[in-house]
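Here is a short report for a reader new to this structure. Take a look at the model first, then read on.

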Amino acid sequence: MPNRHSPDVVIIGAGVVGAACAYYAARSGLTVAVVDRGPVAGGTTGAGEGNLLVSDKEAGPELDLALLSTRLWRELSAALPPETEYEPKGGVVVASDEPALKALRSFAEDQRAAGVTAAEIPADRLAELEPHLAPGLAGGFHYPQDAQVQPAQAAARLLAASGAALHLGEEVTAVLRGPSGAVRGVRTARRELLAPAVVNAAGTWGGEVARLAGAHLPVLPRRGFVLVTEPLPRVVRHKVYAADYIADVASGSAALQSSAVVEGTPGGPVLIGATRERVGFDRSLSTEALRRLAAQAAALFPVLAGVQVLRAYHGFRPYLPDHLPAIGADPRVPGLLHACGHEGAGIGLAPATGVLVAAALTGAEPPLDPAPFRPERDYGPADPVPPQEQQS
Ligand SMILES: Cc1cc2nc3c(=O)[nH]c(=O)nc-3n(C[C@H](O)[C@H](O)[C@H](O)COP(=O)(O)OP(=O)(O)OC[C@H]3O[C@@H](n4cnc5c(N)ncnc54)[C@H](O)[C@@H]3O)c2cc1C
């Protein structure tokens with residue numbers, strides 16, 4: 001039985017998505033507890049690069065979510081401490097030949113109709129934006145709305161600002177349900193946390209948490225590697241990537257895909273991300289993935305060919321087969337809400353997700369139509385993983 005100390009909502013997951021849900025739920029007047037089996041940002045959030053992109057999203061529900069998030073991140077940057085490292089640096093997408101440029105033009109036209117700012121940059125003016133870009137490109141587009149945060153800091157600062165009770169190092173082993181089937185809290189090894197609502201913000205492990213509550217959610221891991229170079233003077237000013245990256249993001253293929261996104265950081269190292277492949281939770285190093293990323297980055301910025309890579313790291317994106325996150329109340333289990341499955345865009349999409357979850361919790365009018373993100377939708381089939389690549 002909930003008592004007067006019970007929170008209004010328990011959020012499972014202290015990644016950036018759980019943190020944003022906690023922040024906006026608290027701002028809506030709810031009392032919140034957040035439970036994570038590890039530390040803050042110990043899941044995929046700690047492996048993300050922090051790109052807040054509209055440039056890579058085709059017109060549609062995900063872009064709408066990204067545009068709302070872009071606005072919210074800007075507001076948050078004023079409300080959160082500078083350690084969040086919000087940087088509205090903008091993105092540059094380049095095309096290597098005329099057909100690729102034509103495709104980018106039509107992609108950008110649809111995005112503009114949805115509210116994106118995208119300016120075509122002729123080949124002879126690309127160097128004004130990025131002096132070290134390879135010569136011979138056909139042209140590109142500048143997306144001033146693309147920005148950046150430091151993901152782990154963002155999660156920590158959002159949680160601190162929410163005032164939520166934090167229970168770290170506690171794995172949720174059961175989602176408690178009453179006689180009617182409605183959720184009534186969660187169990188960890190240390191306690192039962194009772195609440196009339198539970199939010200599944202468990203990222204790549206969202207399918208397992210859904211199962212604990214008796215619901216099905218087909219979240220799968222999609223591995224990504226990132227290269228980090230030695231510190232350099234600012235040779236890359238924006239987020240820069242080739243047009244092929246957009247096709248990689250939209251693809252559901254299990255096979256290795258890579259198309260480098262290159263960006264400088266205030267500290268000096270250049271980040272080169274990120275590959276995509278569905279190999280389960282395989283943590284072994286893939287030299288092929290790293291080799292491809294390095295070659296593509298050097299093709300975009302020849303100056304990088306002679307630079308040392310200091311380290312590489314990887315993470316597992318929470319992938320749903322139709323590439324949209326699951327956000328909102330699950331009608332199959334009263335009191336259960338989901339906020340997971342954001343694949344390679346969870347940092348960017350976190351604030352809008354938090355706002356939608358807060359609206360679902362309080363019954364407020366959501367700022368955009370949440371229907372495309374319904375957790376109980378038909379996700380379609382996932383591209384099969386080749387048997388030799390399957391790992392536990
Ligand atoms: C290489 C790479 C680069 C990326 N770059 C970007 C980028 O530039 N921009 C972008 O927007 N996105 C990027 N992403 C994707 C982004 O990192 C994710 O979409 C986002 O971090 C997901 O956040 P989350 O809070 O949903 O999940 P997570 O951060 O994984 O948080 C889920 C939490 O749930 C906890 N948990 C799970 N099960 C339980 C349980 N039973 N009990 C208690 N706790 C539990 C976990 O410990 C974890 O802390 C990248 C991902 C990778 C791998």
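## The ligand and the two domains

This is a predicted model. The shell around the ligand draws on two domains, with at least three residues from each. Domain 1 covers 3-47 + 152-218 + 322-391, and domain 2 covers 91-144 + 220-319.

There are 36 residues around the ligand. Those that come nearest are Asp36, Thr45, Asn51, Glu343 and Gly348. By class, the shell holds 15 nonpolar, 14 polar and 7 charged residues.

## Backbone contacts to the ligand

Several backbone atoms lie by oxygen atoms of the ligand. For valine 17, a backbone N or O atom is 3.1 Å from a ligand oxygen. For glycine 346, the distance from a backbone N or O atom to a ligand oxygen is 3.0 Å. For glutamate 343, a polar backbone atom sits 2.6 Å from an oxygen of the ligand.

How much of the ligand's accessible area does the protein cover? On its own, the ligand has 1000 Å² of accessible area, and the protein covers 97% of that. Five elements give two or more residues to the shell: helix H1 (16-27), S2, strand S13 (220-231), strand S17 (309-319) and helix H9 (346-362). S17 gives the largest share, 4 residues.

## A salt bridge between two loops

The count of salt bridges comes to 20. One of them pairs glutamate 171 with arginine 37, with the closest N and O atoms 3.9 Å apart. Glutamate 171 lies in the loop between strand S8 (165-168) and strand S9 (174-177), while arginine 37 lies in the loop between strand S2 (32-36) and strand S3 (51-52), so the bridge ties together parts 134 residues apart in sequence.

Are these two residues buried or partly exposed? Glutamate 171 is partly exposed, at a relative accessible area of 43%. Arginine 37 is also partly exposed, at 41%.

## A bridge within a helix

Arginine 292 forms a salt bridge with glutamate 288, and the closest N and O atoms are 3.1 Å apart. Both residues belong to helix H8 (residues 287-300). They are 4 residues apart, so about one helical turn separates them. Arginine 292 is partly exposed at 27% relative accessibility. Glutamate 288 is partly exposed as well, at 33%.

## A buried partner, and a network

Aspartate 330 and arginine 332 meet through their side chains in a salt bridge of 2.8 Å, N to O. Aspartate 330 is buried, with a relative accessible area of 2%. Arginine 332 is partly exposed, at 36%. Elsewhere, salt bridges with shared partners join Lys89, Lys239 and Glu263 into one network.

Definitions and conventions: Residues numbered from 1 in each chain as written. Predicted model: local features only at pLDDT ≥ 70, side-chain atom pairs only at ≥ 80, totals over all residues. Heavy atoms only, no water. Salt bridge = Lys/Arg side-chain N within 4 Å of Asp/Glu carboxyl O. Buried < 20%, exposed > 50% of the residue type's maximum accessible area, 1.4 Å probe, protein only. Near = heavy atom within 4 Å. Polar contact = N/O pair within 3.5 Å; in protein donor to acceptor, adjacent residues only side chain to side chain. Areas by Shrake-Rupley, 256 points an atom, 1.4 Å probe, with all protein chains shown as cover. Nonpolar A, V, L, I, M, F, W, Y, C, P; charged D, E, K, R; others polar. Domains from an automatic or database assignment.
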